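Me: Please take a close look at a single part of this model, the nonpolar core, and set it in the context of the chain around it.

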Amino acid sequence: MPTNFDEVVNRYNTYSLKWHSSQTMSDQLAGHPVEDLDYHNPDVVLPFMVADMDLACCEPIVRAMHKVADHRIYGYSGAYVEPKYVNSVIHWYKKRYNFDIDPSWVHYSQGSIAGVNTAIRAFTNIGDGIIICRPVYGHFTGAIESETYRKVVNCQLINQDGYYTMDWDRFEEVCAVPTNRAFILCSPENPVGRVWNVEELQKMLEICRRNHVLVIADEIHSDIVMKGHQHHPILTVTDDYSNIIMISGINKSFNVAGLQCANTIIPDPYLRGVFMKEYEGSGGTPFAIAAQIAAYEEGEEWLEEALEYIEGNMDFVIDFAAKNMPKLKIRKPEGTYILWLDFTQYGISAEEIHDRIYNKAKVLLQDGFVHDPDLGGCFQRMCVPAARCVVEEGMKRICKAFEDLN
Ligand SMILES: Cc1ncc(COP(=O)(O)O)c(C=O)c1O
């Protein structure tokens, strides 16, 4: 049965990071607890800043969660004790990407960032440079600086009318510095929505390999790709796996980020051994293990429907902006469920953009400088995997907050 993605699922009081922030603000504004998510109520703050979905999970995952919950014992567990866990990854990559994965390559990771941090710690030293290409997922900066005490080396992407490409000269330059030991590739790219093509990926790999730079490929958004585009897992564009750690998982695509379920896929035995020695996360809760098996074995149809709905939301926002806020520039992303809104043409400061959206419209996006401290001031990141009516309400409020400038 097709899923009703138009359903507004109330996430108040469910330990949701996104909705807890919005509920707290709503309570303050109303002066009393706001229990109902009445999204038309102007005191209800609408959040689109966190990269998880407000769309209900697929039935197979919900059933699997019930089965685990109903067992009534939640003792120590590990993905490695259940062959179906690794087999589900193998099955998924064969079906979606026609790529053969050996079972020994796959290891559970307590989220994608846990994998990124482990790789940084395992293969680089304190103070080493880690290359990233901003605008890029802001938490990479935290992972490099405050979580592992390395140094961010930025290779700024080139923005051509909202389409972002690599600055190859700069990439060559930063890779050639011997103390820059790793490159975190975000593929597909959050927040600018690029799905890197084969030529780009091969060129990144070639430059990194020639300069002994490890490639940590964060592909947590890999299954979220718009029509007409194809994600290429980094391992599928080369036969030389000697400098690649690939990370992917169901956290984003199947909306189970709270279960912390990702995988590192490392073909090279040396890299894998060193990585595993450094890994400190859990082996996976029974909920995470069961969710992945259900998602990869039975969730594909739901994913396809969800992607279509999300793409509809993107088209809605882009069309709405074109008609009502022509100065707001939004390039349709190739992948991810994230929009990178460019408010530059309004000619106002980052602070004023923030004030109009967060305080006047009472909509929570994410300030662009989180992902691009140098050039992101006039950008806002908006995650759109929500019921369309809520997205519509959010856009109407933002439009109203800019009406004197539109
Ligand atoms: C590129 C990227 N990597 C990692 C994460 C965090 O993923 P996880 O919760 O699996 O650590 C996010 C979340 O937005 C992301 O966009």
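The reply below begins with the core and then turns to the domains and to one buried residue.

Reply: In this predicted model, the largest nonpolar core holds 126 residues, among which Ile-184, Val-215, Ile-216, Ile-245, Ala-291 and Val-384 touch the most other members. Helix α9, which spans residues 286-298, gives the most to this core, with nine residues, and the core draws at least three residues from each of domain 1 (17-57 + 300-401) and domain 2 (59-298). Once its neighbours within four places in sequence are left aside, Ala-291 is in contact with Ile-61, Ala-64, Met-65, Ile-250, Val-256, Leu-259 and Cys-261. In soluble globular proteins, nonpolar side chains tend to be buried together.

As for the two domains of the assignment, the centres of domain 1 and domain 2, taken over C-alpha atoms, are separated by 26 Å, and their contact takes 23 residues from domain 1 and 30 residues from domain 2. On the side of domain 1 that touches domain 2, the elements giving two or more residues are α10 (300-324) and β11 (338-342); by class, this side has eleven nonpolar, four polar and eight charged residues.

A further residue to examine is Tyr-93, which lies in helix α3 (residues 83-97). Tyr-93 counts as buried because 21 other C-beta atoms lie within 10 Å, where the cut-off is 20 or more. Beyond its neighbours within four places in sequence, Tyr-93 is in contact with Phe-99 and Ile-101, while Tyr-93 and Pro-233, although 140 residues apart in sequence, are 9.1 Å apart in space, C-alpha to C-alpha.

Technical notes. Residues are numbered from 1 along each chain as its sequence is written. This is a predicted model: local features need pLDDT of at least 70, side-chain atom pairs count only at pLDDT 80 or more; totals for chains, interfaces and linings use all residues. A nonpolar core is a set of buried Ala, Val, Leu, Ile, Met, Phe, Trp, Tyr and Cys residues joined through C-beta atoms within 7 Å. A residue is buried if 20 or more other C-beta atoms lie within 10 Å of its own, exposed if 12 or fewer, and partly exposed in between; C-beta atoms are placed from the backbone. Helices (H or I, at least four residues) and strands (E, at least two) are DSSP runs, numbered from the N terminus. Domain bounds come from an automatic or database domain assignment. Two residues are in contact if their C-beta atoms, placed from the backbone, lie within 7 Å. Ala, Val, Leu, Ile, Met, Phe, Trp, Tyr, Cys and Pro count as nonpolar, Asp, Glu, Lys and Arg as charged, and the others, Gly among them, as polar.
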